[in-house]
Amino acid sequence: YQRRVRGRKRVRDPFISLLKQGLSPEALALSFAFGAASGVFPIPGIGTVVSLLFIWLFKLNIVATQLVSLILSPIEVALIIPFIKLGSFVMRTTNVLTANQIAHEFKQGFFSAFRVLGLSLIHI
């Protein structure tokens with residue numbers, strides 16, 4: 001039992017102090033909210049830039065914002081196809097990629113997938 005308590009003090013307490021960093025609860029909530037917004041940003045890779053912009057503009061907690069953003073990264077990837085379909089609907093285009101086409105492009109290589117997805121992501 002004492003090992004768990006010591007481990008908690010060594011890992012959890014410094015991490016919690018990094019999250020708080022003297023911020024008010026409102027500022028910490030803003031950090032989490034902007035981290036969530038940048039974590040599901042529809043264009044992969046741009047979420048980090050958006051997150052850093054929010055941190056700089058609003059003087060937010062970088063650890064909390066980036067933590068939430070990185071935790072939501074798998075959701076961002078899962079939302080690529082719905083974002084592409086939504087963008088195609090809004091832009092009134094009919095060239096919508098299927099999940100099989102996207103998987104095929106990723107099997108060909110990252111740059112091949114980015115070349116095909118990059119054009120589709122403009123519709124978002």
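The following dialogue examines how several descriptions of this predicted model are justified.

Trainee: What makes up the secondary structure of the protein?

Mentor: The protein has eight helices and zero strands, and from the N terminus on its elements run α-α-α-α-α-α-α-α. Of its 124 residues, 27% are buried. The exposed area is about 8,800 Å², with carbon and sulfur atoms supplying 69% of it.

Trainee: How many aromatic pairs are counted?

Mentor: The count comes to two aromatic pairs. In one of them, the rings of F34 and F58 have their centres 5.0 Å apart and their planes at 15°.

Trainee: Why is the pair of F34 and F58 called stacked?

Mentor: Ring centres must lie within 6.5 Å to pair, and planes under 30 degrees apart count as stacked. With centres 5.0 Å apart and planes at 15°, F34 and F58 satisfy both conditions, so the pair is stacked.

Trainee: Which parts of the chain does this pair link?

Mentor: The pair links distant parts of the chain: F34 belongs to helix α2 (residues 25-39) and F58 to helix α3 (residues 46-58), 24 residues apart. Together with F54, these two residues form one aromatic cluster.

Trainee: Are F34 and F58 buried, exposed or partly exposed, and how do you know?

Mentor: Buried means under 20% relative accessible area, and exposed means over 50%. F34 has 17%, so F34 is buried. F58 has 45%, which lies between the two cut-offs, and therefore F58 is partly exposed.

Trainee: What makes the nonpolar surface patch, and what is its area?

Mentor: L53, W56, L57 and F58 make the patch, of about 460 Å². A residue in a patch must have over 30% relative accessible area. L53, which lies in helix α3, has 43% relative accessibility and so passes that cut-off; the value also makes L53 partly exposed. F58, at 45%, passes the cut-off too.

Trainee: Why is S51 called buried, and which residues is it in contact with?

Mentor: S51, found in helix α3, has a relative accessible area of 0%, which is under 20%, so S51 is buried. Leaving aside neighbours within four places in sequence, S51 is in contact with S38, T65 and Q66. T65 and Q66 are among the buried residues of helix α4 (residues 62-71), which also include A64, V68 and S69.

Trainee: What is found at the start of α4?

Mentor: A side-chain oxygen of N61 reaches to within 2.9 Å of the backbone nitrogen of V63. The cut-off for a polar contact is 3.5 Å, and the distance from N61 to V63 falls within it. N61 lies in the loop between α3 and α4. At 0% relative accessibility, which is under 20%, N61 counts as buried.

Trainee: Is K59 buried or exposed, and how do you know?

Mentor: K59 has 62% relative accessibility; that is over 50%, so K59 counts as exposed. K59, like N61, lies in the loop between α3 and α4.

Trainee: What makes the phi of K59 worth noting?

Mentor: Most residues other than glycine have a negative phi. K59 is not a glycine, yet has a positive phi of about 55°.

Trainee: What share of the contacts in the protein between residues at least 6 apart in sequence join residues at least 24 apart?

Mentor: The share is 64%.

Conventions
Residues numbered from 1 in each chain as written. Predicted model: local features only at pLDDT ≥ 70, side-chain atom pairs only at ≥ 80, totals over all residues. Heavy atoms only, no water. Phe/Tyr/Trp six-rings, centres within 6.5 Å; stacked < 30°, edge-to-face > 60°. Helix = DSSP H or I, 4+ residues; strand = E, 2+ residues; numbered from the N terminus. Buried < 20%, exposed > 50% of the residue type's maximum accessible area, 1.4 Å probe, protein only. Patch = residues over 30% accessible without salt bridge, like charges linked within 9 Å, V, L, I, M, F, W, Y side chains within 5 Å. Areas by Shrake-Rupley, 256 points an atom, 1.4 Å probe, with all protein chains shown as cover. Salt bridge = Lys/Arg side-chain N within 4 Å of Asp/Glu carboxyl O. Contact = heavy atoms within 4.5 Å. Polar contact = N/O pair within 3.5 Å; in protein donor to acceptor, adjacent residues only side chain to side chain.
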